[in-house]
Amino acid sequence: MRKFVVWGDNALARRLVGELINTYSAQVTVIVPDLAAGQAREIADIRADDDPLSRPVLIAARRVTRAVFETADLTDADAIAFVDTDDVANVDAALIAREVDPTIRVVLRMFNTRLGAGVVERLSNCAVLSASEIAAPAFVAAALGDSNPTTIRLSDGQQLMAVDRALANPGDIRCGLAITALGESLPADEGLADLVLTSVYGRRDLEPRRRRHRHPMRLSRLLIGGGLRRILASIVAVLALGTVAVATVRHVGVWKAMYLAVLTALGGANPQDDASVPSQAVDLVLVVVGVAVIPAITAAVVGIVIKARLAIAAGGLTEPVAGHVVVVGLGNVGTRVLQELHDLGIDVVAVDRDERARGVQVGRDLGLPVIIGDVTNPDTLTSASVATARCLVVVTTADVTNLEAALLGRDLCRRADPEAKLRVVLRLFEEEFAQRIKTAFDINLSRSVSYLAAPAFAASMVGSEVIDTIPVGRRVLLVAEVPVGAGSQLEGHYFRGVSEPGLVRLVAVQTGRAGLGVGVQTFWAPEQNTWRTLDRTHTMVVVATRAGLVALLERAAGVENPPPFHPPSAPPLLTPQPRG
């Protein structure tokens with residue numbers, strides 16, 4: 001039985017422990033700061049689906065030390081995962097673990113990719129993964145209508161893309177991934193799949209999007225806002241009425257009447273004892289109005305200028321916006337989502353209640369409007385122009401806050417346009433809660449970061465090279481490079497025997513390995529080579545479910561002292577397909 005150690009007590013740790021116990025039938029020891037805090041109690045209640053007595057072992061430790069790892073029997077474990085949200089704490093704990101066992105496989109959760117690359121370079125047998133980086137494409141795809149392609153880069157530099165079949169070039173399609181309407185992954189009949197995997201030749205996206213250009217008069221449009229426009233309109237109306245009144249009582253032309261009305265109202269008036277009563281009444285009204293109007297104009301202009309300067313300094317909206325995406329919650333996930341949307345050329349307005357949130361400065365550095373405020377306050381979402389947005393993405397860490405913001409956003413959108421229905425994407429942890437939300441509120445675009453990321457972390461702990469994940473609703477397919485082990489069950493077997501509907505799809509076979517001094521080549525559509533067999537120099541590129549990848553890893557695992565491999569005599573030629 002495999003043995004693993006997990007350090008952390010958050011949602012990802014909980015999902016990861018469940019994944020290791022249920023998918024890999026592993027024995028798991030979990031190190032948590034407090035047995036009564038965080039997700040520790042929920043982790044302690046995890047049981048294997050087929051073995052109710054199987055449960056994780058929990059160890060409480062405020063600080064990670066050599067003694068803690070020795071208590072967890074680290075030297076007898078196959079791998080250890082550090083999934084705290086603090087990058088520095090994860091690196092520090094990993095270094096201590098390596099002091100206890102220099103050879104153990106280490107899997108680190110890190111947001112800072114630059115720091116992560118440095119850690120991988122210096123620590124052998126180490127993998128660094130970002131939960132937010134894994135999950136963000138699923139939120140982006142949902143925000144843009146589930147048609148946003150997911151780009152996957154293989155180890156040899158070639159690229160694949162998961163995209164809607166309607167947007168794909170038929171000649172580039174490598175396999176069918178899912179029938180999204182039915183929630184069916186890797187169907188037996190690939191022609192029915194509407195989500196497909198295609199090759200990419202120098203393209204990042206099938207539909208380039210253009211970011212909205214800033215209006216050249218955006219500052220003046222902000223200064224002359226709705227409040228000032230209403231005040232100016234009222235003044236014009238009063239002066240127009242005054243012009244009519246002066247023209248009527250003094251029997252003068254329109255120009256002279258307007259001249260007298262404006263000067264009287266704004267500049268004061270000299271008493272005219274010999275004027276008629278109606279004329280004196282008009283002068284009196286205009287003077288009184290003028291006395292009231294001038295301070296009102298001054299106050300309005302000063303207030304609007306100050307508001308404009310504050311909005312510009314804070315990075316908020318400075319002009320009307322429509323067709324944008326509002327991202328609420330600028331933690332790790334929200335930061336990744338707004339970065340990806342910005343890279344795709346989509347207009348984004350970011351919202352968070354905390355000025356110190358990670359994504360606040362990132363958004364400002366990208367030149368995006370960033371609004372600081374409580375998302376459950378209607379004024380905050382109104383200032384983000386949610387009524388004219390194409391989508392509201394709410395990714396705070398609190399399910400209740402996310403739901404409240406979603407319902408408020410929809411309500412504000414309906415008030416502006418009763419026929420409009422705002423597209424909403426929610427971050428929700430609990431699967432059952434998400435199903436109830438879907439039924440009760442007709443919000444079926446929800447994603448769980450830990451649910452999306454846990455399979456990749458678990459696969460990395462068992463040594464699989466998971467390249468990327470492809471979101472399919474709230475679930476994921478794993479894209480992995482699996483080497484054929486010497487003496488494994490797969491060695492000598494035909495290519496066509498690898499794929500299993502609903503579990504595994506063989507996408508390509510890479511021949512040769514760097515360590516053997518043989519150049520690496522990637523061959524597509526391997527199953528079309530009817531008589532070609534696998535050998536220990538091959539690496540399979542597969543798309544699989546979690547269960548499918550587990551089964552494939554068992555079949556591909558090598559043995560000690562493998563017998564020499566003798567390929568079949570005169571095998572059919574395998575010809576590389578052109579890359580475009």
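Gly253 is partly exposed, with a relative accessible area of 41%; partly exposed denotes the range between buried (under 20% relative accessible area) and exposed (over 50%), for a 1.4 Å probe and protein chains only. The model is predicted, so local features need pLDDT of at least 70 and side-chain atom pairs count only at pLDDT 80 or more, while totals for chains, interfaces and linings use all residues. Residues are numbered from 1 along each chain as its sequence is written, and side-chain values use heavy atoms, with hydrogens and water left out.

Gly253 belongs to the loop between α8 (226-250) and α9 (254-267). Its C-alpha lies 9.6 Å from that of Thr243, ten residues away in sequence.

The protein chain as a whole contains 17 helices and 22 strands, taken as DSSP runs (helices: H or I, at least four residues; strands: E, at least two) and numbered from the N terminus. Of its 580 residues, 48% count as buried. Among contacts (heavy atoms within 4.5 Å) with a separation of 6 or more, 67% involve residues 24 or more positions apart.

One open sheet has five strands in the order β18-β19-β22-β20-β21, with antiparallel pairing; two strands pair if DSSP finds at least two bridges between them. Its edge strands, β18 (465-472) and β21 (521-524), each pair on one side only. Neighbouring strands of this sheet are turned by 25° against each other on average, direction ignored.

β18 and β19 (residues 475-483) are joined in the antiparallel sense over seven bridges, and Val479 in β19 is the bridge partner of Asp468. Helix α16 (residues 449-461) lies across β18 and β19, running at about 20° to β19; axes are lines fitted to C-alpha atoms, for helices over the stretch in contact, and angles run from 0 to 180 degrees between N-to-C directions.
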